[in-house]
Amino acid sequence: MNTQDNWLIEVNRKIERGKINFPEREYKKYKIDKLQRIAKLVSEMSYDCTECKGYRVDIDQLADNLDQLILNPEEHKKNHFGTIKKITDHLTKKHKIKKKGSLIKNVGLGSIILIVSQLGKEWKDWSDPVRITAVAILIIVIFLAIFIGKYIDNKIDKKGELL
Ligand SMILES: [Zn+2]
């Protein structure tokens with residue numbers, strides 16, 4: 001148990017050291033924060049997931065390569081983004097980790113489908129005040145849903161369980 005925590009400490013140390021060289025924009029572009037979140041999740045999951053255990057090697061490699069990435073992005077970015085995507089896919093599919101904003105996206109998408117289905121149903125009756133009221137209420141509900149979705153999203157994010 002201890003060795004894995006030590007692994008995370010060591011990786012974070014490497015990332016912290018490597019990211020000093022990244023200008024703010026590059027730092028975001030290369031998803032350095034995400035890399036740290038992934039490392040934390042992989043560290044937790046690798047107690048009972050052999051794939052996550054294997055990903056620790058990949059993350060180690062990315063953390064070691066941060067200097068190279070900033071010096072020679074063309075050569076290294078493909079591997080960098082590819083590895084992040086590979087591990088993200090595994091975490092979302094196998095461990096059901098949610099991506100940031102996915103809740104809001106789902107609520108938003110559901111709402112749009114609802115509205116479109118409402119619009120499509122009886123387009124002719126748009127002058128009907130009952131209908132206008134219904135749509136107005138629907139729009140308010142959607143805003144509330146997005147607001148609540150964002151709130152829950154932030155709460156999960158604080159616990160560090162989002163990607
Ligand atoms: Zn896993």
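## Helix 4 beside helix 6

Helix 4 and helix 6 are roughly antiparallel to each other, because an angle over 145 degrees counts as such (under 35 is roughly parallel, 65 to 115 roughly perpendicular and the rest oblique). Helix 4 packs against helix 6 (residues 73–94) at an angle of about 155 degrees, and their axes lie 11 Å apart. Here axes are lines fitted to C-alpha atoms, for helices over the stretch in contact, and angles run from 0 to 180 degrees between N-to-C directions. The two helices meet in a left-handed crossing, where left-handed means that the near helix is turned anticlockwise from the far one by less than a right angle, and right-handed means clockwise.

On the helix 4 side, E51, Y55, D58 and L62 make the contact, and H80, T83, I87 and H90 do so from helix 6. By class, these residues are three nonpolar, three polar and two charged. Ala, Val, Leu, Ile, Met, Phe, Trp, Tyr, Cys and Pro count as nonpolar, Asp, Glu, Lys and Arg as charged, and the others, Gly among them, as polar. Contact means that the C-beta atoms of two residues, placed from the backbone, lie within 7 Å.

## The model as a whole

A word on what you are looking at: this is a predicted model, in which local features need pLDDT of at least 70 and side-chain atom pairs count only at pLDDT 80 or more, while totals for chains, interfaces and linings use all residues. Residues are numbered from 1 along each chain as its sequence is written.

The protein has eight helices and zero strands, and its pattern along the sequence is α-α-α-α-α-α-α-α. These elements are DSSP runs numbered from the N terminus, with helices being H or I of at least four residues and strands E of at least two. Of its 163 residues, 15% count as buried, that is, 20 or more other C-beta atoms lie within 10 Å of their own (exposed is 12 or fewer, partly exposed in between, with C-beta atoms placed from the backbone). Among contacts between residues at least 6 apart in sequence, 70% join residues at least 24 apart.

## Helix 4 and its other partner, helix 3

Helix 3 (residues 32–45) packs with helix 4 (residues 50–64) at about 150 degrees, their axes being 9 Å apart. This pair, too, is therefore roughly antiparallel, and helix 3 passes helix 4 in a left-handed crossing. The contact brings together L35, I38, A39, V42 and M45 of helix 3 with C52, Y55, R56, I59 and L62 of helix 4. By class, it has nine nonpolar, no polar and one charged residues.

Within helix 4, the buried residues are C52, Y55, I59, L62 and A63. The 15 residues of this helix should span 21 Å at 1.5 Å a residue, and its end C-alpha atoms are 22 Å apart, which agrees; the expected span is 1.5 Å times one less than the number of residues.

## Two residues to look up

L66 is in helix 5 (residues 66–71). L66 is buried, with 23 other C-beta atoms within 10 Å. Leaving aside neighbours within four places in sequence, L66 is in contact with I15, G18 and K19. The C-alpha atoms of L66 and F22 are 8.9 Å apart, although 44 residues separate the two along the chain.

A145 belongs to helix 8 (residues 129–158), which has one buried residue among its 30 and so lies largely in the open. A145 itself is partly exposed, with 17 other C-beta atoms within 10 Å. Beyond neighbours within four places in sequence, A145 is in contact with V107 and S111.
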